[in-house]
Amino acid sequence: MNYVIINGSPRKKNTWKMVQQAKSNLKGNFEEVQLMKENIPLCNGCFKCIMEGEDKCPHFDKIKPIIDKIRNADAIIIASPVYAMNVTALLKNFLDHTAYLYHRPEFFTKKALVVVSTAGAGQKDVAKYIDETLRHWGVNKVYKITYACGGKDSIDVENINKVSKKFGSDVESGKLHSPKFGDVLFYNVWKAMALSKDPIEADRDFWLERDLVSHDFAPEVRLNIVKKLFSKVMFFIFRKVMK
């Protein structure tokens with residue numbers, strides 16, 4: 001198995017210790033992306049990645065290599081301590097550069113592990129934010145490890161081992177899980193937008209070239225009959241609204 005680790009911490013303290021402990025329970029190859037060393041310029045909100053295509057981002061040369069690492073991996077590990085009740089600026093800046101993936105999700109066969117530490121509070125909310133972002137990328141299943149260390153130099157080894165072993169087994173199984181209803185809903189939002197009368201061209205090309213418009217969800221992921229029906233109803237409604 002191939003894992004890519006995206007570390008949003010500017011230092012290697014508790015969060016990184018948690019990643020290393022999780023890593024000890026995983027089998028495979030690991031590639032690290034230390035965002036502190038990537039020197040990614042701040043996202044300037046130009047919307048070019050969404051409206052014209054990600055290759056039009058002024059910082060494409062910085063972002064593409066990281067996205068390619070994710071494409072080539074079986075699973076993703078994203079780590080961040082809590083800074084001011086949110087992810088670090090390093091991670092937020094990277095995620096801002098991937099806003100186009102909300103419109104054009106592609107990681108439907110990937111699984112992810114989110115690792116968050118905090119001295120005080122906010123760890124669950126931060127992990128939830130990263131989880132939601134990954135699901136908008138299309139990620140199939142997200143596991144979360146959070147820990148409040150109380151300002152001490154410590155980690156919860158027992159919980160890290162428990163969750164990371166479950167994550168590793170799932171990655172190795174190759175099984176793809178049924179998506180949540182919310183994920184199916186958003187899939188149909190973007191599909192309907194791509195087929196609307198006046199679509200964003202980059203969205204339209206993405207959805208048509210991959211033939212995602214012909215499916216109720218990503219073709220690699222099976223839906224049960226209830227979710228298939230839900231998908232069809234949602235698409236019908238969104239098509240009517242977006243005409």
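In this predicted model, Phe230 has a relative accessibility of 22% and therefore counts as partly exposed, since the buried class is reserved for values under 20%. Its ring forms an aromatic pair with Phe181, one that is edge-to-face, with 5.1 Å from centre to centre and 90 degrees between the planes. Phe181 counts as partly exposed as well, because its relative accessibility is 39%.

**Aromatic rings**
- The pair of Phe181 and Phe230 links distant parts of the chain, with Phe181 in helix H9 (residues 181-194) and Phe230 in helix H11 (residues 225-242), 49 residues apart.
- Across the whole structure, a search finds eleven aromatic pairs, and ring pairs join Phe108, Tyr187, Phe206, Trp207 and Phe217 into a cluster.

**Charges over rings**
- Lys191 lies over the face of Phe235, at 4.2 Å from the ring centre, while Lys141 lies over the face of Tyr143, at 5.5 Å from the ring centre.

**Largest pocket**
- The largest pocket, with a volume of about 260 Å³, is lined by 16 residues, of which Arg11, Asn14, Pro81, Ser117 and Cys149 lie nearest its centre.
- Helix H1 (14-23) and strand E4 (111-118) each supply at least two residues of this lining, and H1 gives the most, with three residues.
- Sorted by class, the lining of the largest pocket comprises six nonpolar, six polar and four charged residues.

**Helix H5**
- Within helix H5 (residues 89-96), Leu91, Asn93, Phe94 and Leu95 are buried.
- The cover over the buried residues of H5 includes strands E1 (2-7) and E3 (75-81), together with helices H2 (35-38), H4 (60-72) and H7 (123-137).

Conventions
Residues are numbered from 1 along each chain as its sequence is written. This is a predicted model: local features need pLDDT of at least 70, side-chain atom pairs count only at pLDDT 80 or more; totals for chains, interfaces and linings use all residues. Side-chain values use heavy atoms; hydrogens and water are left out. On a 1 Å grid over the protein atoms alone, a cavity is a set of points where a 1.4 Å probe fits but cannot get out, and a pocket is an open set with protein on both sides within 12 Å along at least five of seven lines; lining residues have an atom within 4 Å of a point. Grid points are joined across faces, edges and corners, and a volume is the space filled by probe spheres set on the points. Helices (H or I, at least four residues) and strands (E, at least two) are DSSP runs, numbered from the N terminus. Ala, Val, Leu, Ile, Met, Phe, Trp, Tyr, Cys and Pro count as nonpolar, Asp, Glu, Lys and Arg as charged, and the others, Gly among them, as polar. Buried means under 20% relative accessible area, exposed over 50%, partly exposed in between (1.4 Å probe, protein chains only). Contact means heavy atoms within 4.5 Å. Rings of Phe, Tyr and Trp (its six-membered ring) pair if their centres lie within 6.5 Å; planes under 30 degrees apart count as stacked, over 60 as edge-to-face and the rest as tilted. A charge sits over a ring if NZ of Lys or CZ of Arg is within 6 Å of the ring centre and within 35 degrees of the ring normal.
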